[in-house]
Amino acid sequence: MPAGLAYRLASEGTALLWRGDFQNARQMLGRRPFNNAAHPLQALGRRFDRAAARKPAAAPATPAEIFYRYRQAQGRRARVLGMLVIEVSGDYGINLRRAPDLRAACGEAWGPPDGQPCVVALRELVGLVGAHEWRKKGVEVPALGPPPANRIHPHYGVFSPVRGEYLDLVAQAALPAGASLAWDVGTGTGVIAAVLARRGIARVVATELNPRALACARDNIQRLHLQDRIELVEADLFPPGTAPLIVCNPPWLPGKPSSLLEQAVYDPDSRMLRAFLGGLRERLAPAGQGWLVLSDLAEHLGLRTRDELLALFDGGGLVVRERLDVRPRHPKASDAGDPLAAARSREVTSLWRLGAA
């Protein structure tokens, strides 16, 4: 089937079940093999991008409108590319010629097989392969110290700590005098808890509610041999008691996530941010500090103002003791072709050192 016809059918909501040679799927999806680093759905993706480029130019928009249009386009693109599906057997095998063995990657993402065959979007299988490789190889985190004992292994659906600048802030900020206990609220991969433990905090309590993230954090803590210093607690935000240092890196953008990974980026109505700042004061030990690690990208996109953030501090009975800033180093920060380039070029990530008023 020509890619143009495949694109038209997929755009109309027709799923396409691939039955031929697995590697030949790239003739419709793209010219590169399935396991190549380039995105294998590039052929359909290119047609989507060309169709979007042919649409009449929209009227000048506010940063927030540009952001919402970008999110809508992302959603439409994902739906079109998700229309190409492949049958997966009950043991996660793929019974097509020259198909790779993806059983380990599927098992990590979906759990043990139940013996029932299913169809899966090829786009999702590509994501499983990428997540499997991240988990095997890990991500080097210089803030954890020199290699080789400085790698974090993200699991499927748990956000990878690829933006090292915010971890540099946690690694460099002055610790409260005599602090032997710290909390890492919403630990994710466990990376901030590990940085705090490597800095000499005798006991770190890391909280998390997501079962995938709990398993991921436990795995990383064991790999780093920090299980005698870090305690994992299943909790929504705070554990019981008080602490002299409480750290939180909530999702940076108010909005609705559309996938597991986006839960680490989008926070509906800033729920986690509001709950953390609203409950922090009563959880701080006398003279304790709360560290809020947050990008100001939402402010540049018009999704939240600086005054609204400061009002949340005031409402929680908190004062700002210090603010440490860093510019992002990720590739999108300097990508002029990114629809959000204007906002990203001004982005600053801050560690807000907060105390009780």
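In this predicted model, Leu-196 makes a good starting point: leaving aside residues up to four places away in sequence, Leu-196 touches Val-170, Ala-182, Ile-201, Val-204, Leu-245, Val-247 and Trp-291. A second, separate core, of 28 residues, includes Ile-94, Leu-96, Leu-102 and Leu-128.

The core to which Leu-196 belongs is the largest nonpolar one, with 57 residues. Leu-196 is among the residues with the most contacts inside this core, together with Ile-246, Phe-276, Leu-277 and Leu-292. Helix α8, spanning residues 191-198, gives the most to this core, contributing seven residues. In soluble globular proteins, nonpolar side chains tend to be buried together.

Leu-277 also leads to a pair of helices. The axes of helix α10 (residues 271-283) and helix α12 (residues 306-315) cross at roughly 35 degrees and come within 8 Å. On the α10 side, the contact is made by Leu-273, Arg-274 and Leu-277, and these meet Leu-309, Leu-312 and Phe-313 of α12. Sorted by class, this contact between α10 and α12 holds five nonpolar residues, one charged residue and no polar residues.

Towards the start of the chain, helix α1 covers residues 3-11, and its buried residues are Ala-3, Ala-6, Tyr-7, Leu-9 and Ala-10. Viewed down the axis of α1, these buried residues fall within an arc of 165 degrees, so they line one face of the helix. An α-helix has 3.6 residues a turn, so residues three or four places apart point the same way. After α1 comes Gly-13, with a positive phi near 95 degrees.

Definitions and conventions:
Residues are numbered from 1 along each chain as its sequence is written. This is a predicted model: local features need pLDDT of at least 70, side-chain atom pairs count only at pLDDT 80 or more; totals for chains, interfaces and linings use all residues. Side-chain values use heavy atoms; hydrogens and water are left out. A nonpolar core is a set of buried Ala, Val, Leu, Ile, Met, Phe, Trp, Tyr and Cys residues joined through side-chain atoms within 4.5 Å. Buried means under 20% relative accessible area, exposed over 50%, partly exposed in between (1.4 Å probe, protein chains only). Helices (H or I, at least four residues) and strands (E, at least two) are DSSP runs, numbered from the N terminus. Contact means heavy atoms within 4.5 Å. Axes are lines fitted to C-alpha atoms, for helices over the stretch in contact, and angles run from 0 to 180 degrees between N-to-C directions. Ala, Val, Leu, Ile, Met, Phe, Trp, Tyr, Cys and Pro count as nonpolar, Asp, Glu, Lys and Arg as charged, and the others, Gly among them, as polar. The arc is that of the directions from the helix axis to the C-beta atoms.
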